[in-house]
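Student: I'd like a close look at a single part of this protein. Could you take me through how helices pack against each other, and then through the links around that?

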Amino acid sequence: MKSGWELKFEDQRWASGVSGATVLLLSAFIYPFFSQADANFATAFSRIFSLKVDLGLCSSSFANLIMAQIAYALAICLVLLGFVFALGVAAIADATSRMRYLKLALGTLVLLLIFLALAMKDDGLWLDSTTRRSISAHLSIVDACTQSHSTDFLRVYVMSAWLFVGSWIAITVDIIFFRIIYFKRNYSDLPKDPAFRAEILAIHAKYGAVHRPIQKPPWTFSLMAFVGFLLFIAVHSLYKLAAVLGVL
């Protein structure tokens, strides 16, 4: 029987490997696909997603990255939606862990809405400024499109890297928590090594276990505002998504 530490390492390694393979496969398909897009395709893409700028007027590299980022974010939404469906089925099948599955499904749904909101923005995933205080560096996507024929913007690549890392972390965390609930993991188990186990037990016997009462966070105004903000994002994103599907 494996110890809790070994199980934790195994779950983290397995989850990071699966999520890494998922984001790599998506990137390997989406980014090369949009790298072959021409100006007419970019113009049609801009109209379908109601972007502020006609990507057909931008440089090919700039337009292709913006389109690929939107498509990648939507693909991650589909992956997270599959997790929500799987968690819902697991919650129905396992009554003892139903609340834990539902909490994980709610957290996954929040992540899905965040990626959906990013994909449905009017300016794509373009960063108007790299920092909050860099007012002088503020640049709209319309101006960036005009300058893209002579300037290569680093922030476009930064956003692609953020998407890759953020989606990898989101999927990894989902898989880890799913395995914890499904296999009923307990990472606090003592290790198998007898000497190490005896040492830990001696420390517990000497100092005793510290039990801290779990305090539930109050339902404050800030939490209600956050939920309202998520609902606003969901409604706006779903409206834009419905408009896109209507055009298609």
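Tutor: Let's start with one pair of helices, then turn to the disulfide and the aromatic rings. Keep in mind that this is a predicted model, where local features need pLDDT of at least 70, side-chain atom pairs count only at pLDDT 80 or more, and totals for chains, interfaces and linings use all residues. Residues are numbered from 1 along each chain as its sequence is written, and side-chain values use heavy atoms, with hydrogens and water left out.

Two packed helices are described by the angle between their axes and the distance between the axes. Helix 4 (residues 98-119) packs with helix 6 (residues 154-182) at an angle of about 170°, and their axes are 10 Å apart. Helices here are DSSP runs of H or I with at least four residues, numbered from the N terminus. The axes are lines fitted to C-alpha atoms over the stretch in contact, and angles run from 0 to 180 degrees between N-to-C directions. That makes helix 4 roughly antiparallel to helix 6, a term for angles over 145 degrees. On the helix 4 side, the contact (heavy atoms within 4.5 Å) includes Leu 104, Leu 111 and Phe 115. Helix 6 brings Trp 162, Gly 166 and Phe 177, among others.

Now for the disulfide, meaning a pair of cysteine sulfur atoms within 2.5 Å. A search of the whole structure turns up one, and it joins Cys 58 to Cys 145, with 1.9 Å from S to S. Cys 58 sits in the loop between helix 2 (39-48) and helix 3, while Cys 145 is in helix 5 (residues 141-147), so the pair ties together parts that are 87 residues apart in sequence. The torsion about their S-S bond is about -110°, so this disulfide is left-handed. Both Cys 58 and Cys 145 are buried, which means under 20% relative accessible area (1.4 Å probe, protein chains only); over 50% is exposed, and partly exposed lies in between.

Rings make links too. The structure holds 14 aromatic pairs: rings of Phe, Tyr and Trp (its six-membered ring) with centres within 6.5 Å, called stacked if the planes are under 30 degrees apart, edge-to-face if over 60 and tilted for the rest. One of them is the tilted pair of Tyr 31 and Tyr 72, 6.4 Å centre to centre with 50° between the planes. Tyr 31 lies in helix 1 (residues 4-35) and Tyr 72 in helix 3, so this pair ties together parts 41 residues apart in sequence. Tyr 72 is buried, at 1% relative accessibility.

How values were computed. Helices (H or I, at least four residues) and strands (E, at least two) are DSSP runs, numbered from the N terminus. Angles under 35 degrees count as roughly parallel, over 145 as roughly antiparallel, 65 to 115 as roughly perpendicular and the rest as oblique.
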